[in-house]
Amino acid sequence: MTARNRKSWTKFAVVGAFAAALVAGGTTYAFADTASAQTSIPGRFSLPAGAPTPGAGFKIHSAYKVVTGVQIYTCTTQADGTGAWSGSSTPDATLLRYGTPGRIKHGAGPRWTYTRDGSTLLGQLPPAQSVPKEGTIAWLLLNVTHESAGALDPVTHISRVRTSGGVKPTTACTPGVTKDARVRYGADYVFWTAA
């Protein structure tokens, strides 16, 4: 075997071992581009155990981390006239892509807008899956529709995982008087496409 052939075979064996490890770990997924699967790229994303996914027939298109973000809660009037924080929240966040440049603006709807081309996804509520997490907002899987065409066109679902913070306040509030609560949070968002 020539030195060149040994180098190619070693590279193939390393990639094969990486794929086998993923399957053995119970989480099988693919990446949108081959560069993302290389373990030497800083910031490479890995799907956490227990993450809600669309199941067989789908692969990861891209993954993003919240770099700045809040969940916004409004003080609402209850049937008895008292105030309480809304059960649902509105996100306001900036997401940064793992591995390659790219930003997403995440806001009401919920919507995700790719800043380079304006392509926008709208999450369908209620979530397709919800995984409660103590002390933080739930992990979710949402079906999406497309509001604006562009780089996000192939995306069919979005998972929210690795959440921190973002839970509604426990303090009292007065409707029309108390300002909206902006609660900081963190999360990873996984964008899925058909395999």
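Which residues have the most contacts inside the largest nonpolar core? The legends below take that up, along with a few other spots in this predicted model.

**Figure 1. The whole chain is built from one helix and 11 strands.** Start with the overview before zooming in. Going from the N terminus, the helix comes before the strands, in the order α-β-β-β-β-β-β-β-β-β-β-β. The protein chain has 195 residues, and 34% of them count as buried. Take the contacts with a separation of 6 or more: 60% of them are between residues 24 or more positions apart. As for the outside, the accessible surface is about 10800 Å², and carbon and sulfur atoms hold 57% of that.

**Figure 2. The largest nonpolar core has 24 residues.** Here is the reply to the opening question: L95, I104, W112, L121, I158, Y189 and F191 have the most contacts inside this core. At least two residues of the core come from each of strand 1 (58–73), strand 4 (90–97), strand 6, strand 9 (136–148), strand 10 and strand 11. Strand 11 gives the most, with six residues. For a closer look, pick I158: leaving out residues up to four places away in sequence, I158 touches W112, L121, L140, L141, L142, V144, Y189, V190, F191 and W192. Another core, of 10 residues, lies apart from this one, and F45, I60, A63 and V161 are among its members.

**Figure 3. T193 sits in strand 11 (residues 181–194).** Is this residue buried or exposed? T193 is buried, because its relative accessible area is just 5%, and the cut-off for buried is under 20%. Setting aside residues up to four places away in sequence, T193 touches G57, F58, K59, H61, P154, V155 and T156.

**Figure 4. One disulfide is present in the structure.** It joins C75 and C173, whose sulfur atoms are 2.2 Å apart. The link is right-handed, with 85° about the S-S bond. This pair ties distant parts of the chain together, as C75 is in strand 2 (residues 75–77) and C173 is in the loop between strand 10 and strand 11, 98 residues apart. Both cysteines, C75 and C173, are buried.

**Figure 5. D92, K105 and R182 are joined into one network by salt bridges that share partners.** Side chains of opposite charge can pair when their charged atoms come close. Four salt bridges turn up in a search of the whole structure. In one of them K105 pairs with D92, and the closest N and O atoms are 2.7 Å apart. K105 belongs to strand 5 and D92 to strand 4, 13 residues apart, and the pair links distant parts of the chain. The side chain of D92 also meets that of R182 in a salt bridge, at 3.0 Å from N to O. That pair, too, links distant parts of the chain: R182 is in strand 11 and D92 in strand 4, 90 residues apart. How open are these residues? K105 is partly exposed at 39% relative accessibility, D92 is partly exposed at 26%, and R182 counts as exposed at 52%.

**Figure 6. R111 and E147 form a salt bridge.** The closest N and O atoms of R111 and E147 are 2.7 Å apart. R111 is in strand 6 and E147 in strand 9, 36 residues apart, so this pair links distant parts of the chain. R111 is partly exposed, with a relative accessible area of 31%. E147 is partly exposed as well, with 41%.

**Figure 7. L125 and P126 are joined by a cis peptide bond.** Omega for that bond is near 0°. L125 is in the loop between strand 7 (120–123) and strand 8 (129–133), and P126 lies in the loop between strand 7 and strand 8. With 57% relative accessibility, L125 counts as exposed. Apart from its neighbours within four places in sequence, L125 is in contact with G109, P110 and L142. G109 and L125 are 16 residues apart along the chain, and their C-alpha atoms are separated by 8.9 Å. G109 and P110 are themselves joined by a cis peptide bond, with omega about -5°. P110 is found in the loop between strand 5 (103–107) and strand 6 (111–114).

**Figure 8. R162, in strand 10 (residues 155–165), closes the set.** Phi of R162 is near 50°, a positive value in a residue other than glycine. R162 counts as partly exposed, at 34% relative accessibility.

Note on methods:
Residues numbered from 1 in each chain as written. Predicted model: local features only at pLDDT ≥ 70, side-chain atom pairs only at ≥ 80, totals over all residues. Heavy atoms only, no water. Helix = DSSP H or I, 4+ residues; strand = E, 2+ residues; numbered from the N terminus. Buried < 20%, exposed > 50% of the residue type's maximum accessible area, 1.4 Å probe, protein only. Contact = heavy atoms within 4.5 Å. Areas by Shrake-Rupley, 256 points an atom, 1.4 Å probe, with all protein chains shown as cover. Core = buried A, V, L, I, M, F, W, Y, C linked by side-chain atoms within 4.5 Å. Disulfide = S-S within 2.5 Å.
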